[in-house]
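Reader: I am new to this structure and would love a close look at a single part of it. Could you pick a spot and walk me outward from there?

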Amino acid sequence: MSRIVFLNGSFLPIEEAKVDFMDRGFMFGDGIYEGVGVLGGQLVDNEGHLERLERSLKEVRIANPYTRAEWTRLQEELARRNGMEEGFIYFQVTRGVAERDFAFPENVPPTVAMFTQAKAIAAAPAAETGIAVITVPDMRWKRRDIKSINLLAQVLAKQAAKEAGAQEAWMVEDGYVTEGGSSSAFIVTKAGRIVVRPLSNSILPGITRRSMLALSEQHGIGLEERLFTVEEAYEAAEAFLTSASNFVLPVVSIDGRPVADGKPGPITRKLRETYLQMAAAPRLAAE
């Protein structure tokens, strides 16, 4: 059965989904995107993702085409039509179709696209083995808090990681880690405290990151929101990343150097287990 996608108000087979040649997303990267995990057929942390979508659209002055309730209904319907129990839903809004001109076009409806990606998240092998990351210079623009579809710097960072045999790239600015190519970066100190960079225009306000901070507080795990250097990451007791498509993954090597003993650490394992329990709670309550 063909994958069903959503485009501009219609559900249709992916082979029939066509975006106009003059769409500003294609011409300028003029758009915003989001992604939400699905576990047991349920959207995970979706309110946070829709809240961030609203904020990003407002920052670039694109009208949000749907209410949160409408977005949720469309997401759930798309997952249902694709029979997806576990995976990821990607959705984006561009400024729409117009003659190529840098200034905003007037009275142009936005282009809305959404699709699913089936993926094992809860039992992902990488959660048991951990992943490798490399560090690369952060070459992005100054509004990284906006979830823009302009992702060339991240594409180059992720390709560098792939060519190095790693699964993620941590970007570095002025000697400090900002975030991953598609994730938030964390380390755990030898004293057992979680360290993550504080929110600013320099990083995306990760939704899974936000939930992770709340869970760590609930479970009495010490937390420091501050900058940390690459050297501090090399010497950490543990390291991990968070994202909507992976939830929580242990990082066991950085730039070819093992993190501690090169195995997923106990705090990372506990946080991943706790997050999975939180994500599964709505489904279990409905059963």
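Author: Happily! Let us begin at Ser56, which is found in helix α2. Helices here are DSSP runs of H or I with at least four residues, strands are runs of E with at least two, and both are numbered from the N terminus. A word on the background: this is a predicted model, in which local features need pLDDT of at least 70 and side-chain atom pairs count only at pLDDT 80 or more, while totals for chains, interfaces and linings use all residues. Residues are numbered from 1 along each chain as its sequence is written, and side-chain values use heavy atoms, with hydrogens and water left out.

Is Ser56 buried or exposed? Its relative accessibility is 1%, so Ser56 counts as buried. Buried means under 20% relative accessible area, exposed means over 50%, and partly exposed lies in between, using a 1.4 Å probe and protein chains only. Leaving aside neighbours within four places in sequence, Ser56 is in contact (heavy atoms within 4.5 Å) with Ile32, Asp145, Ile146 and Lys147. With Lys147 there is also a polar link: a polar atom of the Ser56 side chain lies 3.2 Å from the backbone nitrogen of Lys147. A polar contact is a pair of N or O atoms within 3.5 Å; within protein, one must be able to donate a hydrogen and the other to accept it, and residues adjacent in sequence count only if both atoms are side-chain atoms.

Now widen the view to the helix. With 15 residues, α2 reaches 21 Å from its first C-alpha to its last, close to the 21 Å expected at 1.5 Å a residue; the expected span is 1.5 Å times one less than the number of residues. Ser56 has buried company in α2, including Asn46, Gly48, His49 and Leu50. What covers the buried residues of α2 includes β3, β4, α3, β5 and α6 (207–218). Just after α2, Arg61 takes a positive phi of about 65°.

Some of those covering strands belong to an open sheet of six strands, in the order β2-β1-β6-β5-β3-β4, with antiparallel pairing. Strands β2 (10–13) and β4 (42–43) stand at the edges with a single partner strand each, so one side of each is left without a neighbour in the sheet. Two strands pair if DSSP finds at least two bridges between them. Strand β1 (residues 4–7) and β2, for instance, pair in the antiparallel sense over four bridges, and Leu7 has Ser10 in β2 as its bridge partner.

Against this sheet packs α2 (residues 46–60), touching β3 (31–39), β4 and β5 (86–94), and its direction makes about 175° with that of β3. Helix α3 (residues 68–81) packs on the sheet too, touching β1, β2, β3, β4, β5 and β6 (111–118), and its direction makes about 40° with that of β6. For these angles, axes are lines fitted to C-alpha atoms, for helices over the stretch in contact, and angles run from 0 to 180 degrees between N-to-C directions.

So our starting point, Ser56, is a buried residue of a helix that packs on the sheet through β3, β4 and β5.
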